[in-house]
Amino acid sequence: MGDDRVDLWATDEVHFQQHGSRCRMWIPPEIKDPVLLHAPTRKGVGYFGAVRLRDGRFVFRLEPEKFNGDSFLGFLQQLRQASRRDGKRVVVITDNAPYHHSRAHQWREKQAGEFDLDFLPPYSPELNPIERVWRLTRRLCLHNRYFQHLNEIIVAVENEFSNWTRRNEVLRRLCAIT
């Protein structure tokens, strides 16, 4: 098993689009095929998220603007606060987005040894367990649904996210945590 003195988190960003997604579904042959409305827009909402690999706890933050070094730093500080109570060293697994290496992260340098980032190899999202969380969120909240307003997406997604903010068996299993 892993080191009990370390909290290991997997983090990433995601956009949920208003135009929705259509998935295959089974319809009895005697019933007419359903029509799924589709918003003619490219609007979406962005979130930062992290799942703690020890127990499946989930931390998220809506990002109303764009992802950049400052917004990522704010999320890292939120994540540090979520782990501070345990008094453990925090290691965050993340991808190589340019703003993850931002010079604005001088705060991180002061936290070295207590709060560190580990970067995945380039172009390897399949190695990040939180990608599975985003896929599950889309399947549970967004597939085959029409959202007339962006706020409806936020409500649907955050209702699901709120179920995952404490230790969570679903996310623990999803992220292959033993």
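## Exercises on helices and salt bridges

Glutamate 169 and arginine 172 form a salt bridge, their closest N and O atoms being 3.2 Å apart. This is a predicted model, in which local features need pLDDT of at least 70, side-chain atom pairs count only at pLDDT 80 or more, and totals for chains, interfaces and linings use all residues. Residues are numbered from 1 along each chain as its sequence is written, and side-chain values use heavy atoms, with hydrogens and water left out.

**Exercise 1.** Work out how glutamate 169 and arginine 172 are placed in helix H5.

*Solution.*
- Start with the term: a salt bridge is a side-chain nitrogen of Lys or Arg within 4 Å of a carboxyl oxygen of Asp or Glu.
- Next, the helix: helices (H or I, at least four residues) and strands (E, at least two) are DSSP runs, numbered from the N terminus.
- Glutamate 169 and arginine 172 are three residues apart in H5, so about one helical turn separates them.
- An α-helix has 3.6 residues a turn, so residues three or four places apart point the same way.
- Finally, exposure: buried means under 20% relative accessible area, exposed over 50%, and partly exposed in between (1.4 Å probe, protein chains only).
- Glutamate 169 is partly exposed at 40%, and arginine 172 is partly exposed at 23%.

**Exercise 2.** Find out which parts of the chain the salt bridge between aspartate 55 and arginine 167 links.

*Solution.*
- Begin with the whole structure, where a search finds eight salt bridges.
- In one of them, the side chains of aspartate 55 and arginine 167 meet at 3.5 Å, N to O.
- Aspartate 55 sits in the loop between E2 and E3, while arginine 167 sits in the loop between H4 and helix H5 (169–174); the two are 112 residues apart, and the pair links distant parts of the chain.
- Now check each partner: aspartate 55 is buried, with a relative accessible area of 4%, whereas arginine 167 is exposed at 63%.

**Exercise 3.** Describe helix H1 (residues 69–84), from its span to its surroundings.

*Solution.*
- The expected span of a helix is 1.5 Å times one less than its number of residues.
- H1 has 16 residues and reaches 22 Å from first C-alpha to last, close to the 22 Å expected.
- At its N-terminal end, asparagine 68 caps H1 through a side-chain oxygen 3.0 Å from the backbone nitrogen of aspartate 70.
- Buried residues of H1 include Phe72, Leu73, Phe75, Leu76 and Leu79.
- Among the elements covering the buried residues of H1 are strand E4 (89–94), H2 and strand E5 (115–119), where contact means heavy atoms within 4.5 Å.
- Arginine 80 of H1 is buried at 7% relative accessibility.
- The side chain of arginine 80 meets that of glutamate 114 in a salt bridge (3.3 Å, N to O).
- This pair also links distant parts of the chain, as glutamate 114 lies in the loop between H2 and E5, 34 residues from arginine 80.

**Exercise 4.** Compare the span of helix H4 (residues 150–163) with its expected value, then find what its buried residues pack against.

*Solution.*
- The 14 residues of H4 should span 20 Å, and the end C-alpha atoms are 21 Å apart, which agrees.
- The buried residues of H4 are Ile153, Ile154, Ala156, Val157, Glu160 and Phe161.
- These buried residues pack against strand E1 (6–17), strand E2 (44–52), strand E3 (58–63) and helix H3 (130–142).

Definitions and conventions:
Polar contact = N/O pair within 3.5 Å; in protein donor to acceptor, adjacent residues only side chain to side chain.
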